[in-house]
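Me: I've got a structure to go through with you. Can we start with the whole chain and then pick out one residue?

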Amino acid sequence: MRVIVVGAGVLGTLHAWHAVQRGHEVVHIEREAEARGASVRNFGLVWVGGRAAGEELETALRARELWEGIGARVPGLGFRANGSLTVVTDEAELAVARAAAARPDAAARGYELLDAEETRRRNPALRGELLGALWCGRDAAVEPRVAQRALREALAASGRYTFLGGREVRDVVGEHAVRDDHGDVHTGDAVVLCTGAWLGGLVRELAPQLPIRRVRLQMMQTAPLDEPLPTSVADADSFRYYPAYRSPELDALAAARPQPPVAAEHRMQLLMVQRADGGLTIGDTHEYGIPFAFDVDEDPYAHLTTVAESILGRRLPPVRRRWAGVYAQCLEAGKVVHRERVREGVWLVTGPGGRGMTCSPAIAEATADALGW
């Protein structure tokens with residue numbers, strides 16, 4: 001079988017991975033020289049803990065298993081099973097963490113409620129004032145800026161993979177074929193479009209009524225921290241954002257203590273992951289109103305800095321990079337991704353939202369199974 005994959009972000013690259021692993025030939029087409037969108041502008045988190053029960057959690061758990069196996073084969077991914085700590089600083093936040101740790105699926109998620117001493121034992125870099133943390137042992141991380149490149153190099157070694165960067169697919173030609181902006185036609189037995197937040201042009205022609213919204217975020221990365229940050233770290237505002245933490249205790253927290261105005265305005269939480277070079281990736285914000293701003297707002301960065309420093313109990317290293325990104329989020333209730341046959345032999349897979357880095361291996365596996373690869 002010959003598979004044409006359009007889009008070289010993490011979702012498209014994992015579709016190419018599964019096709020090659022099943023013995024098929026892949027032509028992988030990307031409009032940029034290499035991925036430049038949300039797949040490289042994220043934390044690299046394999047984030048299981050906060051996922052909604054049901055399909056979302058099942059997909060995340062399967063993806064976590066797949067990431068570990070792929071990481072063992074492709075060391076350049078930088079996969080590490082580092083777990084995460086969601087830090088709590090008062091009794092109201094602790095009550096939310098305690099409720100989460102009592103969920104029926106807490107063991108599957110790897111939840112464990114820690115006191116302050118146990119939290120610092122897991123992560124000695126956390127020297128700020130805290131009562132404890134919710135540990136999630138199933139969480140992990142990869143290096144987002146290099147993951148797709150490392151996967152492509154491994155795919156190329158198979159001899160059944162061709163990457164064509166700098167080519168934008170403009171048309172679907174008959175069945176199982178696309179034409180790029182160089183005028184070349186690429187024919188296969190199946191075409192999978194994984195175009196990320198690019199939902200205009202050909203995608204709009206093929207699927208004009210997608211149940212998808214675009215979401216913009218802001219993030220930053222510091223110079224190397226002079227010590228290890230052994231786990232990923234979140235603040236208690238993450239409880240407000242992720243569906244796994246919904247509970248009467250969370251309702252009580254939200255009623256008693258609204259977020260600071262800048263955090264509420266930008267729908268913020270703190271997530272913090274140490275990169276392979278020691279730098280800290282810190283975010284993030286959520287903007288839903290289109291048209292998005294074309295610049296970045298400094299107030300969220302100041303808030304994130306304050307929160308991160310309060311948890312670490314020290315100054316952050318200098319910020320080296322700030323950026324914005326846009327991802328596509330599926331709005332279908334209970335669905336992790338939108339998967340649709342848009343022409344005979346042509347499938348569109350889009351909208352994993354902020355779950356893209358976490359769930360892509362399992363989403364791509366499900367596509368491969370559905371298409372009989």
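Me: What share of the 373 residues in the chain is buried?
Reply: This is a predicted model. In it, 57% of the 373 residues are buried.

Me: What secondary structure does the chain have?
Reply: The chain has twelve helices and 19 strands.

Me: Why does the radius of gyration agree with a compact globule?
Reply: A compact globule with 373 residues would have a radius of gyration near 21 Å, and the chain has 21 Å, so the two agree. The C-alpha trace spans about 60 × 40 × 40 Å along its principal axes.

Me: How many of the contacts join residues at least 24 apart?
Reply: That holds for 75%, counting contacts between residues at least 6 apart in sequence.

Me: On to the surface. What area does the chain expose?
Reply: About 15,100 Å². Carbon and sulfur atoms supply 48% of that area.

Me: And charges? How many positive and negative side chains are there?
Reply: There are 44 positive and 49 negative side chains. The centres of the two sets lie 2 Å apart.

Me: Now one residue. Where is Gln148 found?
Reply: Gln148 is in helix α6, which covers residues 144–156.

Me: Is Gln148 buried or exposed?
Reply: Gln148 is at 2% relative accessibility, so it counts as buried. The cut-off for buried is under 20%.

Me: Which residues is Gln148 in contact with, leaving aside neighbours within four places in sequence?
Reply: Gln148 contacts Ala8, Gly9, Val10 and Thr13. Ser39, Val40 and Met357 are also in contact with Gln148.

Methods: Residues numbered from 1 in each chain as written. Predicted model: local features only at pLDDT ≥ 70, side-chain atom pairs only at ≥ 80, totals over all residues. Heavy atoms only, no water. Helix = DSSP H or I, 4+ residues; strand = E, 2+ residues; numbered from the N terminus. Rg over C-alpha atoms; globule rule 2.2 N^0.38 Å. Buried < 20%, exposed > 50% of the residue type's maximum accessible area, 1.4 Å probe, protein only. Contact = heavy atoms within 4.5 Å. Areas by Shrake-Rupley, 256 points an atom, 1.4 Å probe, with all protein chains shown as cover. Lys, Arg positive; Asp, Glu negative; His and termini not counted. Charge placed at Lys NZ, Arg CZ, Asp CG, Glu CD.
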